[in-house]
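Student: I would like to go through this structure with some questions. Please show it first.

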Amino acid sequence: MNVAVIGAQWGDEGKGKIVDYLATDAQIIVRFSGGANAGHTIVRGGEQFALHLVPSGVLYPDKRVVLGTGMVIDPEALFDELGMLAERGIDWEGRVMISDRAHVVLPRYRALDKSLEAARKRPIGTTGRGIGVAYSMKSSRDGVRLADLFDDRLLENLEDDDRAFIAKWRDRLAPLAVDLTHYLSGHRNTYCLFEGAQGALLDLDTGTYPYVSSGMSGAGGAATQGGIGPRRLDKVLGVFKAYSTRVGNGPFPTEFDDGSQSALCQFIRDTGREYGVTTGRPRRCGYLDLVALRYACLANSIDSLVLTHLDVYDTLDSFEACVAYKVRGGLVEHFPASVRDLEDAEPVLRTFRGWKRSLKDVREYDELPREARDYVSFIEEFTETSIDIVSVGYDRRDTIVRRSPWTRS
Ligand code: IMP
């Protein structure tokens, strides 16, 4: 069975924890997009791991993990991360593979990423890891894939520095390369997780363009860039937080303002540890945007939602969520493509009562306070999608499963 786990907001929804949790029952975990711009945090038994490139399942000694076709791989970042894992007792040798169709991020791309960003009148807020440039090179058919590392005819097109860089890393990369489609076709009867990076609203096509990342973060990416094709994807899980965050620039209709909401913003940021794993930047915070979430569900055929960070609201008397926008006086109930509309959108908010108690030790859905269940039910009705998993803390144990994701929809 093949299950995709994608972010249903602007990234940082807690996918790392959820993939780690679900990986108990999976044999193979494939990360299908992005590069070292992403950051997945996993807390296990009080120990914290920050992963950027390697799929979250690597922490289990018996799982195989694959960096998929849609990923762009910075070899320095990758081997730093693998070195860190080895130092911390995670034996990855023989278990980490890379699609031979994945592209390599060359050092020059990072510098170019930064200079392109500096020249923009309205910067995107990129992580500066060369990701956008790697995807541009891929689209313009000037990129370098793992499969081509020893093809001197293709490498002839590269500049000397790039060729020297490839020569330095290819002997270490080559043993990890795998033909992903062929590999997965030989494992049809296994449980396989397809792990997304970033989120639906940062996807190049469905996101808030141009304030997006350059990869396919949505469910479409799981199918084509995960190597299996669309009809073999059995289920799509969309992970979202009880509130919204965004790093970098771009429209964010429910963002807390700097005035009356600044204390609330800081509270959410500190309680939810809303600081970038890759850049350390404080994340922008706001209430849950249900218009955006419903759009993410539709654009990605999300079968089942995973609600995370619900415990961050534990001490609040009340909180709100956005159910529509007012754009220049008119009511808008769907998520607009236009950045200008999104920037002008004022959220129409609905108020919810808080539960004023800790959710940390709750393990059964029925044990959640009524107010928390009311919030969950409202989201389900609004998005017409069931919430099958609720996360109430960082640790793998702090998870309530209402319906196993390993059941077909
Ligand atoms: P880039 O992917 O580094 O070019 O960044 C483009 C935009 O995506 C910026 O706003 C980044 O902050 C955002 N971004 C990239 N990766 C992540 C992520 O893993 N989480 C949240 N935002 C991200």
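Student: Which backbone oxygen does the side chain of R246 reach at 3.1 Å?

Tutor: This is a predicted model, and R246 is found in it in strand β12, residues 243–246. A polar contact needs N or O atoms within 3.5 Å. At 3.1 Å, the side chain of R246 reaches the backbone oxygen of N249.

Student: At what distance does the side chain of R246 reach the backbone oxygen of P251?

Tutor: P251 is one of the residues that R246 touches, and W10, L202 and Y211 are also among them. The side chain of R246 reaches the backbone oxygen of P251 at 2.8 Å.

Student: R246 is buried yet has no salt bridge; how far away is the nearest side chain of opposite charge?

Tutor: A salt bridge needs a side-chain nitrogen of Lys or Arg within 4 Å of a carboxyl oxygen of Asp or Glu. For R246, the nearest side chain of opposite charge belongs to E255, and its distance is 8.0 Å.

Student: How many residues does each domain give to the contact?

Tutor: The chain is divided into domain 1 (2–237) and domain 2 (240–401). Taken over C-alpha atoms, their centres are separated by 26 Å. The contact takes 46 residues from domain 1, and from domain 2 it takes 46 residues.

Student: Where does the largest nonpolar core lie with respect to the domains, and why?

Tutor: This core has 61 residues, and those touching the most other members include L184, F194 and Y375. Helix α12 (residues 370–383) gives the most to this core, with 6 residues. Domain 1 and domain 2 both give residues to the core, so its place is between them.

Student: Which residues does Y375 contact, leaving aside its neighbours within four places in sequence?

Tutor: Y375 is one of the residues that touch the most other members of the largest core. Leaving aside those neighbours, its contacts are A242, L288, L310, Y313, F319, A321 and F352.

Student: How many residues are in the other core, which lies apart from this one?

Tutor: Its members include I42, I73, L85 and Y135. This other core has 57 residues.

Student: Is G218 buried or exposed?

Tutor: G218 lies in the loop between β10 (192–195) and α8 (219–224). Not counting residues up to four places away in sequence, G218 touches I6, F32, D203 and N300. Buried means under 20% relative accessible area. The relative accessibility of G218 is 3%, so G218 counts as buried.

How values were computed
Residues are numbered from 1 along each chain as its sequence is written. This is a predicted model: local features need pLDDT of at least 70, side-chain atom pairs count only at pLDDT 80 or more; totals for chains, interfaces and linings use all residues. Side-chain values use heavy atoms; hydrogens and water are left out. A nonpolar core is a set of buried Ala, Val, Leu, Ile, Met, Phe, Trp, Tyr and Cys residues joined through side-chain atoms within 4.5 Å. Buried means under 20% relative accessible area, exposed over 50%, partly exposed in between (1.4 Å probe, protein chains only). Helices (H or I, at least four residues) and strands (E, at least two) are DSSP runs, numbered from the N terminus. Domain bounds come from an automatic or database domain assignment. Contact means heavy atoms within 4.5 Å. Lys and Arg count as positive and Asp and Glu as negative; His and the chain ends are not counted. A polar contact is a pair of N or O atoms within 3.5 Å; within protein, one must be able to donate a hydrogen and the other to accept it, and residues adjacent in sequence count only if both atoms are side-chain atoms.
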